[in-house]
Amino acid sequence: MRIINTYPDLILMYDKMNGIFCMKLWQDYAYGISKSMPIKIREDSKGYDFDRQVLPILTQAINNRDALNMAHNSFVAVTKNIEERLLQVFQAGLDVDIIFYLGLCNGAGWATELDGKSAILLGVEKMVELNWCDERRMIGLIHHELGHILHNIKGSGLYEPKSQHESSVWQLYQEGVAMHCENLLCSDFESYHQSVDDWLDWCNDNKRDILLEYKRRIDANEDAQGFFGDWVQWRGRSNLGYYLGHEFVKSLAQKYSISKLLNLTIDETIEDFNIFAQSM
């Protein structure tokens, strides 16, 4: 495991920008992390309206040095013993780069590959936007993304769904596994780095309705992506798929070992989801 902190280069880049985002300076900065990073990040964010959806968030981050410093200090603090915690809980190490960087609104956390190696990209611009700069959210976020990497390397996480129906069930399972790993690593089964204000209480009070709507979309072969991400909402709430996925995987953890939990097939996942839905 490598911890890669690009904060010093990020600050140098910001100082050159003088409060106004410059794509050329950002590309030079990203190229310094990895020669493939500028293309990867821009390709991932090309579906966004840059001027309306991305630039305001980058500008906000550039001009909020206090939040940047808090996020950086949190990153440094929580990554000191993170590999030891992973070994303690899962008896497994991971060959993964954890990179603190400035992206183009690709996500506060992104479990992916960079230069043929597993990587977790921690986008400070999204942390500032979401107010996820404190240590509690930082460690939850990193643990969540480590859950995805663990699922991908040690289990079935890289399965590619073959239909919209499969995709919606599989995404719920993937995010549920990551949430379960986050909770195990945090030693807290009420740990949600997405939780702000009364979010968790609202989810608990509306659990059945969340499930019914998600299952309706699955049965209708509708895209369920609207349940994942801070930029989409249902009934005025975002990130509901992470909550529901966690509830689903918590039910699976009662009957499966962690090894089996990480290695479900799509057919097993669909069958288990239907059992879970019927039980509620």
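## Helix packing, sheet and core

In α6, the residues Arg85, Leu86, Val89 and Phe90 meet Cys181, Leu184 and Leu185 of α9. The model described here is predicted. Two packed helices are described by the angle between their axes and the distance between the axes. For helix α6 (residues 82–90) and α9, the axes come within 10 Å and cross at roughly 105°. The two helices are therefore roughly perpendicular.

Helix α9 also takes part in the nonpolar core. The largest such core has 91 residues, and those with the most contacts inside it are Tyr14, Trp26, Leu102, Met127, Ile142 and Ile210. Its largest share, eight residues, is supplied by α9 (residues 164–186). In soluble globular proteins, nonpolar side chains tend to be buried together. Met127 shows what the surroundings of one core residue look like: beyond its neighbours within four places in sequence, Met127 is in contact with Ala71, Phe100, Ala108, Leu122, Trp132, Cys133, Met138 and Leu141.

The strands form an open sheet of four, in the order β1-β2-β4-β3, and the pairing is mixed. Because β1 (2–5) and β3 stand at the edges with a single partner strand each, one side of each has no neighbour in the sheet. From one strand to the next, the twist averages 30°. Helix α5 (residues 65–78) lies across β1, β2 (96–101) and β4, and runs at about 160° to β1.

Is the edge strand β3 mostly covered or mostly uncovered? Strand β3 (residues 110–114) is mostly covered, with four of its five residues buried. Its partner is β4 (residues 117–123); the two run antiparallel and are joined by five bridges. Within this pair, Glu113 stands opposite Ser118 of β4. The hairpin of β3 and β4 has two residues between the strands, and Asp115 takes a positive phi near 55° there.

The last topic is the cysteines. A search of the whole structure finds zero disulfides. Cys22, for example, is in no disulfide. The table sets out two cysteines.

| Cysteine | Nearest cysteine sulfur | Distance between sulfurs | Relative accessible area |
|---|---|---|---|
| Cys22 | Cys105 | 17 Å | 28% |
| Cys186 | Cys181 | 11 Å | 23% |

Why is Cys186 not bonded to Cys181? A disulfide needs sulfur atoms within 2.5 Å, and the sulfur of Cys186 is 11 Å from that of Cys181, which is too far for a bond. Cys186 counts as partly exposed, and Cys22 is partly exposed as well.

Notes:
Residues numbered from 1 in each chain as written. Predicted model: local features only at pLDDT ≥ 70, side-chain atom pairs only at ≥ 80, totals over all residues. Heavy atoms only, no water. Core = buried A, V, L, I, M, F, W, Y, C linked by side-chain atoms within 4.5 Å. Buried < 20%, exposed > 50% of the residue type's maximum accessible area, 1.4 Å probe, protein only. Contact = heavy atoms within 4.5 Å. Pairing = 2+ DSSP bridges. Axes fitted to C-alpha atoms, helices over the stretch in contact; angles between N-to-C directions. Parallel < 35°, antiparallel > 145°, perpendicular 65-115°, else oblique.
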